Amino acid sequence: MSLELKVPSMVCNGCVDTVTKAIKGLDSDAKVEIDLSTKMVKVDGKPTDDSIKEAITSAGHTVES
C-alpha cells in the first residue's frame, strides 16, 4: 500500500527523523521517502492510512490530507 501525505510542520532534518521513526514504529520494513522542500511524505508499507496519520500526529506533527 502506498500513501502520500503533506506534513507542513516539518521544518528540519530532525523533523524528518521524527516522522520516519514514527512510521517505522508501525512497520519497520516500511519504505519511507520524505521531501523536506515540499513537505511530502511517501510511505510504502503495511500500516493503514489512518494509523500512519495517527503516528505522525502523535509524534507532534500536523498532517494535511
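**Exercise 1. Locate His 61 and find out whether its surroundings leave it buried or exposed.**

Step 1: His 61 lies in the segment that follows helix H2 (49–58); helices here are DSSP runs of H or I with at least four residues, and strands are E runs of at least two, numbered from the N terminus. The model is predicted, so local features need pLDDT of at least 70 and side-chain atom pairs count only at pLDDT 80 or more, while totals for chains, interfaces and linings use all residues. Residues are numbered from 1 along each chain as its sequence is written, and side-chain values use heavy atoms, without hydrogens and water.

Step 2: His 61 counts as buried because its relative accessibility is 9%; buried means under 20% relative accessible area, exposed over 50%, and partly exposed in between (1.4 Å probe, protein chains only).

Step 3: Now look for partners. Beyond its neighbours within four places in sequence, His 61 is in contact with residues including Ser 9, Cys 15, Val 19 and Ile 56, contact being heavy atoms within 4.5 Å.

**Exercise 2. Work out which face of H1 is buried and what it packs against.**

Step 1: List the buried residues: in H1 (13–26), these are Cys 15, Val 16, Val 19, Ala 22 and Ile 23.

Step 2: Viewed down the axis of H1, the buried residues fall within an arc of 130°, so they line one face of the helix; the arc is taken from the directions from the helix axis to the C-beta atoms.

Step 3: Check the other side of H1, where Asn 13, Lys 21 and Gly 25 are exposed.

Step 4: Finish with the packing: the buried residues of H1 pack against strand S2 (31–35), S3 and H2.
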